[in-house]
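The following note sets out points for consideration by a colleague reviewing this model. Each point is kept brief and may be checked against the coordinates.

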Amino acid sequence: MQDNEEFKLVVRRKKRASLVRKCSDSKVPLADDGNNDSDFDIDYETLFRTILEAEVELRNSVFADDVFYRLEDSLNALRLDGVSEILCYGLGHFSRRRASKYQLALLLLLRKYYNSRVHVYDPVFYLREIQILKRFNCNVIEINEEGKRIVQDGVTLIYMPHCSIYLTNNFLYTNWSKKLSKCILLTNSFSIVTDNLIKANRSVSLDYVLRIRPYVTEIPLRNNFTYKDVFSDLNIHIFLEENINAIPQSFWNKRDEPCYQGTEIHYLTAAQTERMDLTNRCTKDET
């Protein structure tokens, strides 16, 4: 299979509330040690083939059918034709972790299906992983934006599998305007995450997620992939134009940069990434 092979995925249109599914065959998972802090032992061609195999397996799964079916429904509800850009954060070490491998496979399927430009970032990527991403025609973001990337005028799919809700909050802050109606968030369920944080009295810093939540239409995905941990709690979130247009301008005018002092945010900040890069450069200079 070549990376530029024509993409074919049959989205089976069925009744919205009762899609019939069957389980797909499982594959041997990658080792999930995650303890190696270098990429010296990563075999580039083996990793490339492994990702291609995961892509084929996922494409033939009932989960992929459900994702694309519901994304097409979402685009129809938004009266949009397709996805021009995909912004992805937090894939992790797909050379080491099974969940990350299949999450990358979904990103590649989305890129091919919508013929989208892809921008991807994770501060933990190994050099070999960055090389693989570039081979798959993904644009690797070079700096830690902490999720604060301004989307362009086209339709943007924001894909953040199992990422910190605070990264989502940062994204909303940066794009806090009516243009959210051209954004689709494929992220951890707003309703599940925020409800849990409210119960734990830890929601005070999530101003943008909590403020926009009443205007979000959340489309649940069925967690029916072979490995239940890979896409658990992943849902589609859209901002219907009629809901966005009903919001008064004063709602958007209140836009203070999020402050997470004293909060466990569960992502690497730009300052932490800079310190890591500096340490790595010093280590290389010493050798």
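**Points on the predicted model**

1. Asn137 is placed in the loop that runs between helix 4 (127–135) and strand 3. The model is a predicted one, and in it Asn137 has a phi near 65°, a positive value in a residue other than glycine.

2. A positive phi is also found at His266, where the angle is near 60° and the residue is again not glycine. His266 belongs to the loop between helix 9 and helix 10 (270–286). With a relative accessibility of 57%, His266 counts as exposed, because the cut-off for that class is over 50%.

3. Helix 2 (residues 62–78) comprises 17 residues, and the distance from its first C-alpha to its last is 24 Å, close to the 24 Å expected at 1.5 Å a residue. The helix is mostly covered, with 15 of its 17 residues buried. Arg79, just after helix 2, takes a positive phi of about 60°.

4. The sheet deserves attention as a whole. It is open and consists of 7 strands in the order 3-2-1-4-5-7-6, with mixed pairing. Strand 3 (139–140) and strand 6 (217–220) form the edges; each has a single partner strand, so one side of each lacks a neighbour in the sheet.

5. At one of these edges, strand 3 pairs with strand 2 (residues 117–121) in the parallel sense, over 2 bridges. Within this pairing, Asn139 of strand 3 stands opposite His119. Strands in a sheet are paired through backbone hydrogen bonds, in either a parallel or an antiparallel manner.

6. Which strand is largely enclosed by the rest of the structure? Strand 5 (residues 183–188) is, because 6 of its 6 residues are buried. Strand 5 pairs with strand 4 (residues 156–160) in the parallel sense over 5 bridges. Cys183, in strand 5, is the bridge partner of Thr156. The relative accessibility of Cys183 is 1%, so this residue counts as buried.

7. How many disulfides does the model contain? The count comes to 0, taking a cut-off of 2.5 Å between cysteine sulfur atoms. Cys88 is accordingly in no disulfide, and the nearest cysteine sulfur, belonging to Cys163, lies 7.2 Å away. Cys88 has 0% relative accessibility and therefore counts as buried.

8. The second largest pocket has a volume of about 470 Å³. Its lining is made up of 25 residues, of which Gly90, Leu91, Gly92, Asp122 and Val124 are the closest to the pocket centre. By residue class, the lining divides into 11 nonpolar, 11 polar and 3 charged residues. Helix 3 (residues 98–114) gives the most to this lining, contributing 3 residues.

9. Ile247 is situated in the loop between helix 8 (241–245) and helix 9 (249–253). Although it is a loop residue, Ile247 counts as buried, because its relative accessibility is 3% and the limit for that class is under 20%. Ile247 and Lys178 are 69 residues apart in sequence, while their C-alpha atoms are 8.8 Å apart in space.

10. Two loop residues may usefully be inspected side by side. Ile247, in the loop between helix 8 and helix 9, is buried at 3% relative accessibility, whereas His266, in the loop between helix 9 and helix 10, is exposed at 57%.

Methods. Residues are numbered from 1 along each chain as its sequence is written. This is a predicted model: local features need pLDDT of at least 70, side-chain atom pairs count only at pLDDT 80 or more; totals for chains, interfaces and linings use all residues. Side-chain values use heavy atoms; hydrogens and water are left out. On a 1 Å grid over the protein atoms alone, a cavity is a set of points where a 1.4 Å probe fits but cannot get out, and a pocket is an open set with protein on both sides within 12 Å along at least five of seven lines; lining residues have an atom within 4 Å of a point. Grid points are joined across faces, edges and corners, and a volume is the space filled by probe spheres set on the points. Helices (H or I, at least four residues) and strands (E, at least two) are DSSP runs, numbered from the N terminus. Ala, Val, Leu, Ile, Met, Phe, Trp, Tyr, Cys and Pro count as nonpolar, Asp, Glu, Lys and Arg as charged, and the others, Gly among them, as polar. The expected span of a helix is 1.5 Å times one less than its number of residues. Buried means under 20% relative accessible area, exposed over 50%, partly exposed in between (1.4 Å probe, protein chains only). Two strands pair if DSSP finds at least two bridges between them.
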